Every structure is written in structure tokens, then in C-alpha cells.
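Trainee: I should like to understand the terms used to describe this model. May I ask on what grounds each one is applied?

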Amino acid sequence: MNPEDFMRLALAEADLAPAHGDVPVGAVVVSADGQVLAQDHNRREERGDPTAHAELLAIREATRRLSGWRLEGATVYVTLEPCAMCAGALVNARIARLVFGAADPKAGAVVSLFEIGRDPRLNHRFQIEAGLMAEEGGRRLSRFFAELRRQRA
């Protein structure tokens, strides 16, 4: 599989989130040898848990599957730029690379507001590739929030 294939898996996960009222964000964790270790989508509303972001859920499952907290060599694909909480989790999980789709100018913490994955003060840094299939992820977000505004009007 190639990066676009992994991002398509993340987009498919994002498509599941609105069914339970969650923002359509999906994430996939891929091992250094190209195996999908875990994938999930936002579940904050579903679980009533502010930490149930796609990235955290996928990281938790990947580390459970590997029986250890280090995801060295792994790549995380996510449809939206991670927030500070998720970017911090990526540092703590020791991922090698992050590939994300749409930038998040309001809460993004790897290129938009902060550069957590590149900060030399931290004990781990990771490669960042921005913009992969950003339009596809962005369209899902736009549709979701337009529908939410319509329902509240």
C-alpha cells in the first residue's frame, strides 16, 4: 500500500464519525514494515470523553496490539492536523512520521499554531508531511459543520 491508500483508510474512518455526532476525523497507524496496526475515528460524543480523538484511539490500539508503548518507526496518517493533545501523544509514542491532510488553523499543533513534532526542546521529534488528500478531508469537515449549523438554525 502507498500513502494515498493509508489516507483513504483514514478518510473511511472519518466517514464513520458523523453517525454518532462526532467530527469526521480518522487516523491510521502503520508499522515501519507497512502493516496497519490500528485505525479509528473521533468518538468524543459517542463516549463522552474529551480525549477520544481519532489519533489517541488509534495509538492506544496500536500499542495494545504491540504490547508496548513505543511506536518507533511507525507512521500515523490522519485526515486533520493534530491538536496539541494528540501531537503530544505522537511525541510520547515515539512515532517516526506524521502524514496529515487538512491543516487546522484554529487548533493544529504541528504546523498551524505550534510545531510540537519539530520542537528541539522535546525528547523526541518526528517527520511531518502536510496536505495529503487535504481537500477530501476538508470537504468532510465542511459538510459536517454546515449540517450542524443548519440543524441549529
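Mentor: We shall go through the terms in turn, setting values against definitions.

Mentor: This is a predicted model, in which local features need pLDDT of at least 70 and side-chain atom pairs count only at pLDDT 80 or more, while totals for chains, interfaces and linings use all residues. Residues are numbered from 1 along each chain as its sequence is written, and side-chain values use heavy atoms, with hydrogens and water left out.

Trainee: Why is His53 called buried?

Mentor: Buried means under 20% relative accessible area, exposed over 50%, and partly exposed in between (1.4 Å probe, protein chains only). His53 has a relative accessible area of 14%, so His53 is buried.

Trainee: Where is His53 found, and with which residues is His53 in contact?

Mentor: His53 is in the loop between α2 (44–47) and α3; helices (H or I, at least four residues) and strands (E, at least two) are DSSP runs, numbered from the N terminus. Contact means heavy atoms within 4.5 Å. Leaving aside neighbours within four places in sequence, His53 is in contact with Asn42, Arg44, Cys83, Met85 and Cys86.

Trainee: What makes the approach of the His53 side chain to Pro50 a polar contact?

Mentor: A polar contact is a pair of N or O atoms within 3.5 Å; within protein, one must be able to donate a hydrogen and the other to accept it, and residues adjacent in sequence count only if both atoms are side-chain atoms. The side chain of His53 reaches the backbone oxygen of Pro50 at 3.4 Å, so the distance satisfies the limit of 3.5 Å.

Trainee: How do you know that β1 and β3 pair?

Mentor: Two strands pair if DSSP finds at least two bridges between them. Four bridges join β1 to β3, so these antiparallel strands satisfy the definition. Val29 stands opposite Val76 in β3, and Val30 stands opposite Thr75. On β2, antiparallel pairing with β1 extends over five bridges, with Asp40 as the bridge partner of Ala27.

Trainee: Which strands are at the edges of the sheet?

Mentor: The open sheet has five strands in the order β2-β1-β3-β4-β5, with mixed pairing. Its edge strands are β2 and β5 (127–130), each of which pairs on one side only.

Trainee: What makes β1 mostly covered?

Mentor: Five of its five residues are buried. Gly26, Val28 and Val30 are on one side of β1, and Ala27 and Val29 are on the other. In a regular strand the side chains alternate between the two faces of the sheet.

Trainee: What makes a set of residues a nonpolar core?

Mentor: A nonpolar core is a set of buried Ala, Val, Leu, Ile, Met, Phe, Trp, Tyr and Cys residues joined through side-chain atoms within 4.5 Å. The largest has 34 residues, and those with the most contacts inside it are Val29, Leu71, Ile95, Leu98 and Phe126. Apart from it lies another core, of ten residues, among them Phe6, Ala10, Val30 and Val99.

Trainee: What makes the phi values of Arg94 and Met133 worth noting?

Mentor: Most residues other than glycine have a negative phi, and most peptide bonds are trans. Arg94, in the loop between α4 and β4, has a positive phi of about 65° although it is not a glycine. Met133, in the loop between β5 and α5, has a positive phi of about 55° although it is not a glycine.

Trainee: Why are Arg94 and Met133 called buried?

Mentor: The relative accessible area is 19% for Arg94, so Arg94 is buried. For Met133 the value is 15%, so Met133 is buried.
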